[in-house]
Amino acid sequence: MKTVSDQAIILSAMDYREADRIVTLFCRDLGKISALARGARRSRKRFGGALELFARLNVTLALKDNLSALGDCDIVTVHPRIRADFTAIAHASYACELAAALIPEHLPNQRLFRLLSAYLEHLDSGTAKPADRHFFEMNLLNILGYRPPLESCSGCGANLVDTGCLWNVDRCLCRDCAKGLPGERLGPAAVALLLTSLQTGRFGAASFSDVAGSEAGQFLDRFIGDLLPKPLKSLHFLRLSP
Ligand SMILES: [Zn+2]
């Protein structure tokens, strides 16, 4: 058994047996790993308040194929301001659940680790805005190879920034090719803003009007929903938040 040190974000945590917890960690160097925190429920001393959702930690892990064992862990940050704000909790919970659902096990991805870390830092520093969620979602999809094909129409190649877009089953179509078809519609402004989200490189740089933000939200919820085997629990929670 190999013991390693890494930095990790807690994507999920659940009680296990009488005394333990199982956590899903997204590690900077090791990727997504499930680990058993032995005695975490019996003694707060062992892990302190570290094993909370979206906390960032320095950890040591005894690596095993299925369930690794969590050794020492030191808190880098628990993101205290997120924990004091219902809306920020909803956004951070959604980001972690989405990452847990889409990131493959044991596949290191430092770019994605930086994206999730930056989003949690951003949520911890101020107001949670829908535009930041869209920025996170677009960049997450892009890094994982699921980027929506918003540049040009799947039917005729037209520029979707000029025509707007309809997401129909698995295609992005222009206004002409989409005539009479059902699906999620994005106006030209929303298409442009989602594409800008992939280019700005930082949270808060792209701002959406209410209409473009609402269209982008519905489009991304549908697009991401189609990638997942079941809806995310936190999406319901997110919709309840102001
Ligand atoms: Zn077309």
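**Entry 1: the zinc site**

I began at Cys174, which is buried, with a relative accessible area of 3%. The model I am reading is a predicted one. Cys174 gives its SG atom to the zinc ion, and the other protein donors are the SG atoms of Cys153, Cys156 and Cys177, with distances to the ion of 2.3 to 2.4 Å. I then looked up the geometry and found that the four donor atoms subtend angles of 105 to 113 degrees around the zinc ion, which makes the arrangement tetrahedral. Along the chain, the donors follow the spacing C-x2-C-x17-C-x2-C. Cys153 sits in the loop between α5 (130-143) and α6 (160-163), while Cys174 sits in the loop between β7 (171-173) and β8 (184-186), and this pair, 21 residues apart, links distant parts of the chain. I checked Cys153 for accessibility as well, and it is buried, with a relative accessible area of 5%.

**Entry 2: Thr163, a contact of Cys174**

I went next to Thr163, which I found in helix α6. Is Thr163 buried or exposed? Its relative accessibility is 18%, and because the cut-off for buried is under 20%, Thr163 counts as buried. Leaving aside neighbours within four places in sequence, I listed the contacts of Thr163 as Ala158, Cys174, Arg175 and Pro188; of these, Cys174 is also one of the zinc donors. I noted in addition that the C-alpha atoms of Thr163 and Asp176 are 8.5 Å apart in space, with their positions 13 residues apart in sequence.

**Entry 3: the two domains**

The domain assignment divides the protein into domain 1 (2-78) and domain 2 (81-240). I took the centres of the two domains over C-alpha atoms and found 28 Å between them. How many residues of domain 1 are in contact with domain 2? There are 23, and they meet 22 residues of domain 2. The area buried between the domains is about 1,900 Å², and carbon and sulfur atoms give 62% of this area. On the domain 1 side, I noted that Phe26, Lys32 and Phe54 supply 40% of the area buried against domain 2, more than any other three residues.

**Entry 4: the nonpolar cores**

In soluble globular proteins, nonpolar side chains tend to be buried together. Here I found that the largest nonpolar core has 62 residues, and that Leu98, Leu116, Phe136, Leu150, Leu194 and Phe219 have the most contacts inside it. Helix α3 (residues 86-102) gives the most to this core, with ten residues. Domain 1 (2-78) and domain 2 (81-240) both give residues to the core, so it lies between them. I followed Leu116 further: apart from neighbours within four places in sequence, Leu116 is in contact with Ile9, Leu11, Phe26, Ala95, Ala99 and Phe136. Another core, of 19 residues, lies apart from the largest one, and its members include Val4, Cys27, Val59 and Cys73.

**Entry 5: Leu220 and Thr24**

Leu220 lies in helix α8 (residues 210-227) and is buried, with a relative accessible area of 0%. Not counting neighbours within four places in sequence, I found Leu220 in contact with His134, Glu137, Met138, Leu141, Leu194 and Gly225; Leu194 is among the residues with the most contacts inside the largest core. The C-alpha atoms of Leu220 and Trp167 are separated by 9.8 Å, the two residues being 53 residues apart along the chain.

Thr24 belongs to strand β2 (residues 20-27) and is buried as well, with a relative accessible area of 13%. Beyond residues up to four places away in sequence, Thr24 touches Ile9, Ile10, Leu11, Ser12, Lys32, Ile33 and Ser34. I also looked up Thr24 against Asp226, and found them 202 residues apart in sequence and 23 Å apart in space, C-alpha to C-alpha.

**Entry 6: two histidines with positive phi**

Most residues other than glycine have a negative phi. I noted His79, whose phi is positive, near 55 degrees, and His106, whose phi is also positive at about 55 degrees although it is not a glycine. His79 is found in the loop between β5 (68-77) and α2 (80-83), whereas His106 has its place in the loop between α3 and α4 (110-125). As to accessibility, His79 is buried, with a relative accessible area of 0%, and His106 is partly exposed, with a relative accessible area of 37%.

Methods:
Residues are numbered from 1 along each chain as its sequence is written. This is a predicted model: local features need pLDDT of at least 70, side-chain atom pairs count only at pLDDT 80 or more; totals for chains, interfaces and linings use all residues. Side-chain values use heavy atoms; hydrogens and water are left out. Donors are N, O and S atoms within 2.8 Å of the metal (3.2 Å for Na, K and Ca); water is not among the atoms, so sites may look incomplete. Four donors count as tetrahedral if all angles lie between 85 and 135 degrees; four count as square planar and six as octahedral if opposite donors are over 155 degrees apart and all others between 65 and 115; anything else is irregular. Helices (H or I, at least four residues) and strands (E, at least two) are DSSP runs, numbered from the N terminus. Buried means under 20% relative accessible area, exposed over 50%, partly exposed in between (1.4 Å probe, protein chains only). A nonpolar core is a set of buried Ala, Val, Leu, Ile, Met, Phe, Trp, Tyr and Cys residues joined through side-chain atoms within 4.5 Å. Domain bounds come from an automatic or database domain assignment. Contact means heavy atoms within 4.5 Å. Buried area is the accessible area (1.4 Å probe) that two parts lose on being put together, summed over both.
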